[in-house]
Amino acid sequence: MCLLGSFSPRHWLRIGSLAENMPTVGVKRDLLFKALGRTYTDEEFDELCFEFGLELDEITSEKEIISREQGDIKATGASDVVLYKIDVPANRYDLLCLEGLVRGLQVFKNKLEAPRYRRVSPISGDPQKLVITKETAVVRPYAVAAVLRNITFTQERYDSFIELQEKLHQNICRKRSLVAIGTHDLNTISGPFTYTAKPPGDISFRPLNQAKEYNATQLMSIYKTDSHLRHYLHIIEDKPVYPIIYDSNGIVLSMPPIINGDHSKITLKTKNVFVECTATDLTKAKIVLDMMVTMFSEYCSEPFTVEEAEVVNADGTTCKYPELAYRKEKLSSKFVNQKVGINESTEKIAQLLTRMCLRSQATGVGDEIEVEIPPTRSDVIHACDIMEDAAMAFGFNNITRTTPHTYTIANQVARTTLLPGLLKTIAANRKMPLPLKLFEISDVVLKDEIKDVGARNSRHICAVYYNKSPGFEVIHGLLDRTMQLLSVKPARGEGYHIQAADDSTFFPGRCAEIFFHGKSVGHLGVLHPHVINSFELTMPCSALEMDIEPFLGHTAETRLTHEVPMQEVVIHKFPTEVKSTHATASSKTVFGDLSTPEALNSLNDFLVDKSYVEGFVASQADTAIFDAIATAPSPTLCHLLRWYTHIKSFHGERADLPVVNKQFVLPDTPPTSTDSDEDIDLFGSGNEGDSAEAAKIKAQRLAEYATKKSKKPAVIAKSSILLDVKPWDDETDMTKMEACVRSVGMDGLLWGQSKLVPVGYGIKKLQIACVVEDDKVGTDILEEAITAFEEYVQSVDVAAFNKI
């Protein structure tokens, strides 16, 4: 599948795999290379990521990101430092920061042994203690803690430390609903610490980065307008008590999961960090704590050691954290070889697993392998996870393709058209800048009674154009350009042509059938609104799908074993001048005198986004303008040449083309003298006086027209939109959700009626209408504004879209 950059195939770009629901880690390229101990080209690092099971998603910069999302003005002064955006698997929490990423790659490349993480007791005195009271049971009953002792921060390390917290909050912590992380400068507070819960009116402290104290009720009100913190308020705002952590002097460390206290905030000068995690899921809390301390323990004075903390539960039991538990699993090399499809020795497979931070060794009992799972690999829960790591270390591209030993007879589901796949891709990327231009060349399966299996493969090309306007002329131009590159002439019989057709996929009157050598090979046109709505799209879309086997010289039954080349291999030469058979027609038109370069340029500009001079089908207007052009246009006038060669194919049907009322070709003024060709003034400069008078009259009429036009009110394009706003569950307050939706205000937006529509299992969605001015409000902007209310809104879909 590919993105269309323009009509020229050399500008078409391949799309990589579309990673869904995968966290993206942004790292500074130079900082990453420094940590890795060497530099890579972009292509080399992309390959390294692939080998390690990651994907280099984007190469960008902070300035480029801001410019793309907020505009060039906002990007002024932003950093130009190159950033790598890397997609990592959702369950690999150890790769969500630069430290874990570098550690994993170094071990993978055999440049570093996987470190061993140790929990240690304090050098002097008792461990820090966190006491949980019974009041927390109704809100967040669990807590764990640890200490990073004698740590050294730099600006880059500090930034990575804060970013890892945010990545974990958005991932395993489920936006702080399961776990909330608090980090504090231990030198500013003193234990033991108490984790309890109190009514919001009884809680008062100075929150992070605030100048004065507030009670919890005031804070919840203040943070309702905070773009970051407002998304977490719903977790506790309806609870009778709020969780709170104090030190022994009554200083507030944090009010989880909302905000930390300002008193204990960490800085670049912080040397000892107290890490606490409060939770509704104890298992998740342990994983999050392990991840925080293992990633940054390398910066402690004794690397990869973490000082323990003691947690006293509400029932009086005590536990020490972090657990940093190592566990061992056993599996056979036969199991790995069979599942992966390789034939490696027990020792070799153990080496492969060690490269994935899973220390492994052969036990000597048959082909048994003992694998040690470190605390950073909470994603390994089954032998299949270990097998997958072995396959990754071996290299998926190194696995030999083999024929399956077991054959089965099954019913096959195969696609008969490429169009749905492209529309799904557009639906998944509809927030990308418009227009979206995609194409795909691949096989479809068609019924064929002649074949022994009753079906055959057929290679198709499909292209779609998605924008605020249908863009039929764009798709038509793509067809003409493709045929031009294939040296197929626009002519009936021996070349190609299109003619009006009816197809339920396309809008009535906006569909054409493509013929090559007299046989139908495909369709193009504007998609029917029902089709567009079925894929949850909101803009018009034009599409082209065509069988390309007649142009290949072989059938799709011969499997492609290599990439389809995305550049023009053959340089096609086209005639720059073809003598016309209609040189006697008048050259004076509404576009000017078409015997002049200026007028031809004007017509070329007019045809940039049009297939025909008037309307959506060829007419007498096209043939009249065609006859006014003495010779075939130069290839530099690409739009005019495309139109010219297409209209030329109607040579035998000119009389049958529909008539138009508008006059495009102007009558010639009879010459005053016919003594010689030199007396004919093609540029109208024979009579200076008449020309001056004519120019004066023309200027006067143009001024009158401009004045008249300026008094006309501008036509404002509007659309009526029906939105489906879906809540998270049946407990969502729909009244509040509707209030949030209606609070979205924009110039050119008017909210209308709404109703609640049952979805199922007691859940209802909000269906609300609005009218927007197309130039001011887009559906993407509207959806983004509504989905910002994450505590209520799960998703927003456009149920109906109509132009007014």
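This report covers two nonpolar cores, one buried helix and one loop serine.

The model is predicted: local features need pLDDT of at least 70, side-chain atom pairs count only at pLDDT 80 or more, and totals for chains, interfaces and linings use all residues. Residues are numbered from 1 along each chain as its sequence is written, and side-chain values use heavy atoms, without hydrogens or water.

**Cores**

A nonpolar core is a set of buried Ala, Val, Leu, Ile, Met, Phe, Trp, Tyr and Cys residues joined through side-chain atoms within 4.5 Å. Buried means under 20% relative accessible area, exposed over 50%, partly exposed in between (1.4 Å probe, protein chains only).

| Core | Residues | Some members |
|---|---|---|
| Largest nonpolar core | 90 residues | Leu 32, Phe 45, Ile 86, Leu 148 and Leu 168 among them |
| Another core, apart from the largest | 47 residues | Phe 439, Ile 461, Val 474 and Ala 618 among them |

The five residues named for the largest core touch the most other members. Helix α8 (residues 282-296) gives the most to this core: eight residues. Helices (H or I, at least four residues) and strands (E, at least two) are DSSP runs, numbered from the N terminus.

Contact means heavy atoms within 4.5 Å. Beyond its neighbours within four places in sequence, Leu 168 contacts Tyr 93, Leu 96, Cys 173, Ile 181, Val 288, Met 291 and Met 292.

**Helix α5**

Helix α5 spans residues 98-108, and 11 of its 11 residues are buried. Among them are Glu 99, Arg 103 and Gln 106. Asn 110 follows α5, with a positive phi near 60°.

**Ser 649**

Ser 649 sits in the loop between α18 (638-648) and α19 (688-710). Its relative accessible area is 10%, so Ser 649 is buried. Not counting residues up to four places away in sequence, Ser 649 touches Pro 490 and Ala 491. Tyr 496 is 153 residues from Ser 649 in sequence, but 8.6 Å away in space, C-alpha to C-alpha.
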